[in-house]
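Student: I would like a close look at a single part of this protein. Please take one sheet, then work outward to what surrounds it.

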Amino acid sequence: MSNEKEIWQGSPSQWENAQSMAICILLIWLIIPIFVIIYKRIYTKNHKFRITNQRIVEEFGVFRTTINETELQRVKDIKYEQSFLQKILGLSTITLITSDVTNVITTINYVKNGRQLREDIRNAVEERRNEKGVREFETFDR
């Protein structure tokens with residue numbers, strides 16, 4: 001069995017919260033938005049991804065932690081998106097569509113070097129599929 005090697009590890013940027021932070025700042029006089037700002041910052045900081053040559057591990061939560069793990073060979077499609085704000089900031093969003101029953105879509109928001117990360121994941125998926133002898137077949141209902 002091969003050793004597990006890390007491809008990428010990181011968290012979304014706090015820019016993910018920019019819109020809600022702006023609204024909270026406008027309503028700061030209500031006091032409650034202060035707690036919303038604190039919660040969102042902590043949640044984003046605790047939202048972690050670890051991608052290896054074997055699996056994708058997503059960990060998130062503030063009061064309760066959830067860990068989602070998807071085998072890399074289950075990734076069916078990779079979507080790269082970059083909004084206007086993300087272009088200015090040099091960030092992007094990567095969406096992984098998988099055949100995993102419990103975690104069909106995994107979204108990695110506001111990450112740096114998204115194009116390279118997308119390419120690294122794509123290459124790792126192909127390597128893992130070849131290593132495990134996995135082939136994907138699509139069926140269409142008519």
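Which strand order and which pairing does the open sheet of 3 strands have?

Tutor: A caution before the details: this is a predicted model. The open sheet of 3 strands runs in the order β5-β6-β7, and its pairing is antiparallel. Strands β5 (75-81) and β7 (105-112) are the edge strands, each pairing on one side only. From one strand to the next, the twist averages 20 degrees.

Look at the pairing of β5 first. β5 meets strand β6 (residues 91-98) in the antiparallel sense, over 6 bridges. One bridge is easy to find by eye: V75 has T98 in β6 as its partner. In general, strands of a sheet pair through backbone hydrogen bonds, in either a parallel or an antiparallel way.

Now add the helix. α4 packs on this sheet and touches β5, β6 and β7. The direction of α4 makes about 170 degrees with that of β5.

Next, pick a residue inside the sheet. S92 sits in strand β6. Is S92 buried or exposed? S92 has a relative accessible area of 1%, so it counts as buried, the limit being under 20%. Its contacts show what surrounds it. Leaving out residues up to four places away in sequence, S92 touches Y80, E81, Q82 and Q86. On the same count, S92 also touches I108, N109, Y110 and V111, as well as G114 and R115.

E81, one of those contacts, has a charged partner. E81 forms a salt bridge with K79, and the closest N and O atoms are 3.7 Å apart. How open to solvent are the two residues? K79 is partly exposed, at 42% relative accessibility. E81 is partly exposed too, at 35%. As a general point, side chains of opposite charge can pair when their charged atoms come close.

By the rule used here, the model holds 8 salt bridges. Two others bring us back to α4, which spans residues 114-132. E119 forms a salt bridge with R118, with the closest N and O atoms 3.3 Å apart. E119 is partly exposed at 25% relative accessibility, and R118 is partly exposed at 27%. E131 forms a salt bridge with R128, and here the closest N and O atoms are 2.5 Å apart. Why do E131 and R128 lie about one helical turn from each other? They are 3 residues apart in helix α4, so about one helical turn separates them. Their burial is worth a look. E131 has a relative accessible area of 48%, so it counts as partly exposed. R128, at 4% relative accessibility, counts as buried. Elsewhere, salt bridges that share partners join E4, R55 and E69 into one network.

α4 also leads to another sheet. This open sheet has 4 strands in the order β1-β2-β3-β4, with antiparallel pairing. β1 (6-10) and β4 (66-71) stand at its edges with a single partner strand each, so one side of each has no neighbour in the sheet. Neighbouring strands here are turned by 10 degrees against each other on average, direction ignored. β1 and strand β2 (residues 48-52) run antiparallel and are joined by 4 bridges. Q9 stands opposite R50 in β2. Helix α4 packs on this sheet as well, touching β1, β2 and β4. Its direction makes about 140 degrees with that of β1. To put the helix in place: α4 touches β5, β6 and β7 in one sheet, and β1, β2 and β4 in the other.

One last stop is on the surface. A nonpolar patch of about 1100 Å² is made by residues including I23, L26, W29, F35 and I42. The elements that give it two or more residues are α1 (18-26) and α2 (32-46). α2 gives the most, with 4 residues. L26 lies in helix α1. At 66% relative accessibility, L26 counts as exposed.

Terms used. Residues are numbered from 1 along each chain as its sequence is written. This is a predicted model: local features need pLDDT of at least 70, side-chain atom pairs count only at pLDDT 80 or more; totals for chains, interfaces and linings use all residues. Side-chain values use heavy atoms; hydrogens and water are left out. Two strands pair if DSSP finds at least two bridges between them. Axes are lines fitted to C-alpha atoms, for helices over the stretch in contact, and angles run from 0 to 180 degrees between N-to-C directions. Contact means heavy atoms within 4.5 Å. A salt bridge is a side-chain nitrogen of Lys or Arg within 4 Å of a carboxyl oxygen of Asp or Glu. Buried means under 20% relative accessible area, exposed over 50%, partly exposed in between (1.4 Å probe, protein chains only). Patches are made of residues with over 30% relative accessible area and no salt bridge: like charges are joined within 9 Å, nonpolar side chains (Val, Leu, Ile, Met, Phe, Trp, Tyr) within 5 Å. Accessible areas come from the Shrake-Rupley method with a 1.4 Å probe; for residues, only the protein chains shown count as cover.
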